[in-house]
Amino acid sequence: MDVVEENKDIVVGGQTVSPGEDKLLKISIDRLPTGTLIDIPVYVFNAKKPGPTILVQAGLHGDEINGIEIVRRMLAEKRFRVKKGAVIAVPILNIFGFIHFSRDVPDGKDVNRSFPGTKTGSMASRMAYHYVTEIMHQIDYGIDLHTGGGQRHNFPQIRYTAEDEKSAELAEVFNAPISFPSKLIKGSFRNAAFRMNKPTVVFEAGESMRFDDYSIVEGMQGISNVLKHFGMIADIVPKYVERNKTIHLNSRRWLRAPTAGMFIPKVTNGSEISKGQVLGIITDTFAKRTKQIKAPFDGYIFCVNHQAVVNQGEALFHVGMV
């Protein structure tokens, strides 16, 4: 008689999710000054059949709400109920930042610069520590959802670690409109994952504190592509987005304001650009002086600053070359 292999147990916050179970669990982090407990909500969908465990997380920066909405919609549509392996879905990692409309925690520290954290450190460091010890050691792959910050709108893009071949493969499977390798940042979640040999990609789309439906459906499609690739779900019908292949960028550059003034973009984010093309202008309020921002090469725009009034040196466009 053949022995049917079962998937592994997943344990979070002292609670076990056995093969074939779905549970909402919580990781206790801290209290508000009022005494109210703050927990990180963690959804676990554990199939009976063995397969990879994939972490899908959002809200590492509390004001980046597009990723939170991606996870919420996929939970509402029951897209994480897999037939093999497991999905750990975390809709809001930085609860403190979310309730304060802030990127960081109340003491001003960035959770995404605090990994792997310490048990007795700052609030951000403790959040990172609990996350590493409770979740990260159990996963096989990670998908980290982000948006642009400070009124910068990121066209949907996937970033991977050049030194990690499996991370690059995961980005290819995700199939966002644009993809490129990105350097590891000290203290970041992706850096901690790399050191733990957990291939991870970062999906960047939209801007903070503003929903962007196109960015949201691109994220949902990309996550579904990954689950389908590992045989965890059936065909995605209907697809959220139809596309052939991602556009790979091999070099990137920020175009900055040559002077202070009012900034008026002349191109659409995500569009193809030609060398010498006028991408936007900076003008004074009296229409006396105007500076043009021109494309330095043929390529694509994948981030636009939506700040109307800018100072000299501020980043306006992020452009990349194929």
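**Exercise 1. Phe101 in the loop**

Task: In this predicted model, find which loop holds Phe101 and decide whether Phe101 is buried or exposed.

Solution:
- Step 1. Phe101 sits in the loop between α2 and α3.
- Step 2. Take the phi angle. For Phe101 phi is near 55°, a positive value in a residue other than glycine.
- Step 3. Set that against the general pattern: most residues other than glycine have a negative phi.
- Step 4. Judge the surface. Exposed means over 50% relative accessible area. Phe101 has 62% relative accessibility, so Phe101 counts as exposed.

**Exercise 2. A peptide bond and a second positive phi**

Task: State what form the peptide bond from Phe115 to Pro116 takes, and where Met209 is found.

Solution:
- Step 1. The bond from Phe115 to Pro116 is cis, and its omega is near 5°.
- Step 2. Most peptide bonds are trans.
- Step 3. Place the proline. Pro116 is in the loop between α2 (95–99) and α3 (123–134).
- Step 4. Turn to Met209. This residue belongs to the loop between β10 (200–207) and α6 (213–229).
- Step 5. Phi of Met209 is near 60°, again positive in a residue other than glycine.
- Step 6. Met209 has 40% relative accessibility and therefore counts as partly exposed.

**Exercise 3. A salt-bridge network**

Task: Work out which residues are linked with Arg73 in a network of salt bridges.

Solution:
- Step 1. Start with the total: the structure holds 10 salt bridges.
- Step 2. Arg72 and Glu69 join through their side chains at 2.7 Å, N to O. They are three residues apart in helix α1 (residues 65–76), so about one helical turn separates them.
- Step 3. Compare their surroundings. Glu69 is buried, with a relative accessible area of 10%. Arg72, at 44% relative accessibility, counts as partly exposed.
- Step 4. Arg73 and Asp213 form a salt bridge at 2.8 Å, N to O. Arg73 lies in helix α1 and Asp213 in helix α6, so this pair ties together parts that are 140 residues apart in sequence.
- Step 5. Asp213 is partly exposed, at 45% relative accessible area.
- Step 6. Put the pieces together. Glu69, Arg72, Arg73 and Asp213 are linked in a network of salt bridges.

**Exercise 4. Where two domains meet**

Task: Describe the contact between domain 1 and domain 2, and find which element supplies the largest share of the side of domain 1 that touches domain 2.

Solution:
- Step 1. Set the bounds: domain 1 covers 10–230 and domain 2 covers 249–321. Their C-alpha centres are 31 Å apart.
- Step 2. Count residues. 13 residues of domain 1 contact 14 residues of domain 2.
- Step 3. Take the area. About 1,200 Å² is buried between the domains, and carbon and sulfur atoms give 50% of it.
- Step 4. Look at the pairs. There are zero salt bridges between domain 1 and domain 2. Eight residue pairs are in polar contact.
- Step 5. Name the elements. On the domain 1 side, β8 and β9 (178–181) each supply at least two residues. The largest share, five residues, comes from β8.
- Step 6. Sort the residues of that side: four are nonpolar, seven polar and two charged.

**Exercise 5. Asn154 in β8**

Task: Decide whether Asn154 is buried or exposed, and name the side chain with which its own side chain makes a polar contact.

Solution:
- Step 1. Asn154 belongs to strand β8 (residues 152–160).
- Step 2. Buried means under 20% relative accessible area. Asn154 stands at 5% relative accessibility, so Asn154 counts as buried.
- Step 3. Its side chain makes a polar contact with the side chain of Glu204, at 2.9 Å.
- Step 4. Beyond four places away in sequence, Asn154 touches several residues, among them Glu204, Ser215, Asn269 and Phe302.

Key. Residues are numbered from 1 along each chain as its sequence is written. This is a predicted model: local features need pLDDT of at least 70, side-chain atom pairs count only at pLDDT 80 or more; totals for chains, interfaces and linings use all residues. Side-chain values use heavy atoms; hydrogens and water are left out. Helices (H or I, at least four residues) and strands (E, at least two) are DSSP runs, numbered from the N terminus. Buried means under 20% relative accessible area, exposed over 50%, partly exposed in between (1.4 Å probe, protein chains only). A polar contact is a pair of N or O atoms within 3.5 Å; within protein, one must be able to donate a hydrogen and the other to accept it, and residues adjacent in sequence count only if both atoms are side-chain atoms. Contact means heavy atoms within 4.5 Å. Domain bounds come from an automatic or database domain assignment. Buried area is the accessible area (1.4 Å probe) that two parts lose on being put together, summed over both. A salt bridge is a side-chain nitrogen of Lys or Arg within 4 Å of a carboxyl oxygen of Asp or Glu. Ala, Val, Leu, Ile, Met, Phe, Trp, Tyr, Cys and Pro count as nonpolar, Asp, Glu, Lys and Arg as charged, and the others, Gly among them, as polar.
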